[in-house]
Amino acid sequence: MKADTKLIHLGRGPKVAEGTVNLPVYRASTIVSPDVDSYLGRFDGDKVYTHVTYGAGGTHNARALAETVADWEGGAGTVVTGSGLSAITVTLGALLGAVDHVLVTDSAYGTTRNFCQTVLKRYGIETTFYDPAIGSDIESLIKKNTALIFLEAPGSLTFEMQDVPAITAVAAKHDLLTAMDNTWATPLYFNPLNHGVDVSIQAGTKYVAGHSDVIIGLVTAASDALYRRIRDHARILGDVAGPDDCYLALRGLRTLSVRLPRQSESAHKVATWLSGHPAVARVLFPPLPDDPGHALWKRDFSGSASLFGLSMHSKDEERVKRAINQLKLFQIGSSWGGFESLVAMNRMPVERAVRPWAENPFLLRLHVGLENADDLIEDLAQALREI
Ligand SMILES: *Cc1c(COP(=O)(O)O)cnc(C)c1O
């Protein structure tokens, strides 16, 4: 079955809903048992994985969302967590222990980096940040205690691509696990598990939920053993997504296969227009032919998200701020993946261990929503007259 069909038909939940198309919201803390013996045996065997045992383990809504995403990604199981960030921290916590060493791409989401430098460090886990362009040379960074390689492509804010198959081949050779933050492409445009990654992570907050009203995380494991390890860790931590958020994420997922291609097409139009504008130094978007990550993107990805970076010639922060404030359709905000266009300004340099990022004192990030691309270009054109 093709992905767009799956996203419509999977995860409709148990047939208890009197024919409603969408599984209703099951709100629960307590799950009552019919008798004392069933109560005493409520966690027996595999029940924590197969039954709704207590609200903190997720209700039918988490299960329906998890089943849908697991099947979509081609994984053994999906763990639904309370945020995209906790999808990452639960994965790192589940797969690492004291004195382990983890390799993390230097271009990772900033809060992933922060977690490594604070919590993991405190727990005796050492992080080495590696150049996202490292490819198979990552082998030289592997130590005796290396347990995991963490990837993200394109990188948060700076949009560097990674050679995922080259890195997972090295990991396989050394018996290391790999996990990848795949929030940008979603499995519609890049399937990590098909490229040798063991654990695929998405901030469901972004394109999956798609309406800027949910915080949720999704962790899909290639094997059942890994799935259980991560699920157990999330349970022990008490990390859970509420049923209403699971409902909204699954409802968002139903329309992803029309939202994303449309947003992607508009993003190409807007990015191409911007790359020809005299005020623009560079558009950081791997689908553009002159982007440094273009060849890798073209080889491995089947489409693109609608989020890209924008570097301006002007170093005059006040003028650029004035231009941004002038925008009518692009609202100022972070997070992304919703139906609306957004612009964010980030002060540079971003923190880097390997190669300093000193392109400009600031870098803009644009998210292209479902508005008409011509209107968005017109909006940008009038604002850029400020510069
Ligand atoms: C937003 C984001 C996250 C975190 O998701 P939240 O749900 O906001 O916690 C993680 N990774 C990437 C790449 C993101 O863009």
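## A look at the pockets and the ligand

The largest pocket holds about 550 Å³ of space. Among the elements, α5, α6 (110–122) and β11 (342–347) each give two or more residues to the lining of this pocket. Please keep in mind, as you turn the structure around, that the model is predicted.

Let us stay with the largest pocket for a moment. Its lining is made of 35 residues, and those nearest the centre are Tyr109, Ser156, Lys206, Trp336 and Arg365. Which element gives the largest share of this lining? That is α5, with three residues. By class, the lining of the largest pocket has 15 nonpolar, 13 polar and seven charged residues.

### The ligand

Where does the ligand sit? You will find the ligand in the largest pocket. Around the ligand are 14 residues, and the closest of them are Gly84, Leu85, Asp181, Thr205 and Lys206. Lys206 is thus a residue to look for twice: it is among the closest to the ligand, and it is also among those nearest the centre of the largest pocket.

Helix α5 (residues 84–95) comes up again here, as it gives the largest share of the shell around the ligand, three residues. The shell is made up of six nonpolar, five polar and three charged residues.

Three side chains place a polar atom by the ligand, as the table shows.

| Residue | Ligand atom | Distance |
|---|---|---|
| Asp181 | nitrogen | 2.7 Å |
| Lys206 | oxygen | 2.6 Å |
| Trp336 | oxygen | 3.5 Å |

How much of the ligand does the protein cover? On its own, the ligand has 380 Å² of accessible area, and the protein covers 90% of this area. Trp336, whose polar side-chain atom lies 3.5 Å from a ligand oxygen atom, is also one of the residues nearest the centre of the largest pocket.

### The second largest pocket

Another pocket is worth a visit. About 400 Å³ of space lies in the second largest pocket. Its lining has 22 residues, and Pro132, Ala133, Glu160, Arg355 and Trp357 lie nearest its centre. Sorted by class, the lining of the second largest pocket has ten nonpolar, four polar and eight charged residues.

### Backbone features to look for

Most peptide bonds are trans, and most residues other than glycine have a negative phi. Some places in this model depart from that pattern.

What is the form of the peptide bond from Ala153 to Pro154, cis or trans? This bond is cis, and its omega is near -10°. To find Pro154, go to the loop between β4 (146–152) and α7 (164–173).

The peptide bond from Met348 to Pro349 is cis too, with omega near -5°. Pro349 lies in the loop between β11 and β12 (362–367), and β11 is one of the elements that give two or more residues to the lining of the largest pocket.

Val99 has a phi near 65°, which is a positive value in a residue other than glycine. You can find Val99 in the loop between α5 and β2 (101–105). The helix before this loop, α5, is the one that gives three residues to the shell around the ligand.

Terms used. Residues are numbered from 1 along each chain as its sequence is written. This is a predicted model: local features need pLDDT of at least 70, side-chain atom pairs count only at pLDDT 80 or more; totals for chains, interfaces and linings use all residues. Side-chain values use heavy atoms; hydrogens and water are left out. A residue is near a molecule or strand if one of its heavy atoms lies within 4 Å of it. A polar contact is a pair of N or O atoms within 3.5 Å; within protein, one must be able to donate a hydrogen and the other to accept it, and residues adjacent in sequence count only if both atoms are side-chain atoms. Accessible areas come from the Shrake-Rupley method with a 1.4 Å probe; for residues, only the protein chains shown count as cover. On a 1 Å grid over the protein atoms alone, a cavity is a set of points where a 1.4 Å probe fits but cannot get out, and a pocket is an open set with protein on both sides within 12 Å along at least five of seven lines; lining residues have an atom within 4 Å of a point. A molecule sits in a cavity or pocket if more than half of its atoms lie within 2 Å of its grid points. Helices (H or I, at least four residues) and strands (E, at least two) are DSSP runs, numbered from the N terminus. Ala, Val, Leu, Ile, Met, Phe, Trp, Tyr, Cys and Pro count as nonpolar, Asp, Glu, Lys and Arg as charged, and the others, Gly among them, as polar. Grid points are joined across faces, edges and corners, and a volume is the space filled by probe spheres set on the points.
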